[in-house]
Amino acid sequence: MTTNAALLERRTQAVPRALTHATAAYAARARNAEVWDVEGKRYVDFAGGIGVLNTGHCHPKVMAAAREQMERFTHTCVQVLAYEPYVALAERLNGLAPFTGAARTIFFTTGAEAVENAVKIARAATGRGGIIAFSGAFHGRTIMTSALTGKTMPYKRLFGPFPPEIYHVPFPVAHHGVTVADSLRALEYLFRSDIEPGRVAAIMIEPVQGEGGFYEAPAELLQELREICDRHGILLVSDEVQAGFGRTGKMFAIEHSGVEPDLVTVAKSLAGGFPLSGVIGREAVMQAAEPGGLGGTYAGNPIACAAALAVLEVIAEERLLARAVVIGDRIKARVRAIAQRNDTLPIGAIRGPGAMVGFEIFRERGGSEPDAEATKRVTARAVEEGLILLSCGVFQNAIRVLVPLTVEDSILEEGLDKLERALAA
Ligand SMILES: Cc1ncc(COP(=O)(O)O)c(C=O)c1O
């Protein structure tokens with residue numbers, strides 16, 4: 001039998017150090033919200049492969065749909081020989097689009113690719129170049145999406161130069177001292193100092209920041225952005241790669257605000273573990289790019305499309321939107337109780353819509369100075385306890401919970417017990 005240590009040593013010799021790992025364990029098998037490593041140790045999974053597994057590891061329906069497609073064929077390239085699961089999935093997502101009026105959907109493979117293509121579509125539709133994003137945002141690791149990402153380390157350092165005409169304004173986080181008014185004033189300054197609104201193609205925002213720290217964009221901000229976009233002919237892009245597919249208790253997180261975006265980027269939990277991403281958008285916008293301008297060899301892989309159709313069925317059948325609220329309330333209640341204890345690390349800023357729950361580790365009880373070192377120790381201790389737990393945040397002091405929405409009650413409680421032990425002072 002191989003060991004985690006032996007595999008880690010081989011990895012260290014074979015793979016560049018830029019690819020980091022949140023745990024030193026090597027996965028052997030997984031089921032719903034549980035994972036076993038190559039040494040047989042069992043973990044409760046609060047990471048879901050970074051928000052990919054809202055329907056859990058290896059959901060039987062998703063696996064059956066993928067297996068059935070795999071028996072037929074695995075690849076034709078949709079631009080060469082198209083297939084029904086692609087079209088059926090586009091139809092389903094057009095029906096779920098978080099805006100009124102006709103929609104169209106096109107598929108890719110990764111979240112970054114969806115964001116890249118949203119930029120291409122927005123530019124084609126407006127004839128403008130500028131894109132505005134937010135500090136703390138994470139939109140991917142390609143050159144364009146790194147440029148859109150609002151965090152230098154480790155995403156930008158060493159990788160420039162980046163494409164021009166990308167601008168950032170501060171994302172409002174109350175306990176970082178940035179209000180919605182501050183963000184809107186910064187946007188106003190940007191329009192005066194760097195790029196006039198008539199040259200802006202799109203404003204891109206995560207309705208709940210993922211890697212940036214699980215901060216929800218206030219509805220007031222989204223409403224103001226919608227109004228500004230309408231006034232200046234700018235497109236509003238909601239990056240739902242991490243927040244989408246039921247995580248927040250709605251199919252798309254922007255639905256909480258009542259704001260209708262023009263373009264939506266999706267990936268991660270869309271296909272329950274198979275690589276698939278997409279852009280859903282208003283018909284007139286989506287039709288702007290010319291034939292041949294969008295696509296990709298692997299874009300909209302048939303196995304992934306079949307899996308995604310099953311994911312959508314599971315979300316509906318198992319009422320996962322409502323379940324996300326129940327799970328999220330349970331996690332938040334438990335973390336609030338832990339925060340009251342005086343024998344645990346100082347934690348606070350417990351937040352998040354539905355089951356997109358985050359909280360922060362501070363240097364002092366009642367304070368707000370981030371403690372990144374303590375946060376690192378918590379995620380390491382969680383692994384020892386048998387819990388896969390991720391941190392995030394511009395100050396690397398936020399803990400995020402991305403447990404499958406299909407998690408059994410007993411496994412969720414077990415995971416929360418482990419979390420409590422990992423947070424011991
Ligand atoms: C909001 C958001 N957009 C885009 C991406 C990039 O997705 P991928 O890693 O699949 O390229 C991520 C990944 O974490 C994300 O959270």
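Student: Which residue has a polar backbone atom 2.8 Å from an oxygen atom of the ligand?
Tutor: This is a predicted model, where local features need pLDDT of at least 70 and side-chain atom pairs 80 or more, while totals for chains, interfaces and linings use all residues. Residues are numbered from 1 along each chain as its sequence is written, and side-chain values use heavy atoms, without hydrogens and water. A polar contact is a pair of N or O atoms within 3.5 Å. The backbone partner of that ligand oxygen belongs to Ala112.

Student: What percentage of the ligand's accessible area does the protein cover?
Tutor: A polar side-chain atom of Gln242 is 2.8 Å from a ligand oxygen. On its own, the ligand has 390 Å² of accessible area (Shrake-Rupley method, 1.4 Å probe). The share covered by the protein is 82%.

Student: How many residues of the shell around the ligand are charged?
Tutor: The shell takes residues with a heavy atom within 4 Å of the ligand, among them Ala112, Asp239 and Gln242. Asp, Glu, Lys and Arg count as charged. Besides three nonpolar and five polar residues, the number of charged ones is four.

Student: What is the relative accessibility of Phe159?
Tutor: Phe159 sits in the loop between helix H6 (143-148) and strand S6 (166-169). Partly exposed means from 20% to 50%. Phe159 counts as partly exposed because its relative accessibility is 45%.

Student: Is Ala310 buried or exposed?
Tutor: Ala310 belongs to helix H10 (residues 302-317). Buried means under 20% relative accessible area, and exposed means over 50%. Because its relative accessibility is 6%, Ala310 counts as buried.

Conventions
A polar contact is a pair of N or O atoms within 3.5 Å; within protein, one must be able to donate a hydrogen and the other to accept it, and residues adjacent in sequence count only if both atoms are side-chain atoms. Helices (H or I, at least four residues) and strands (E, at least two) are DSSP runs, numbered from the N terminus. Buried means under 20% relative accessible area, exposed over 50%, partly exposed in between (1.4 Å probe, protein chains only).
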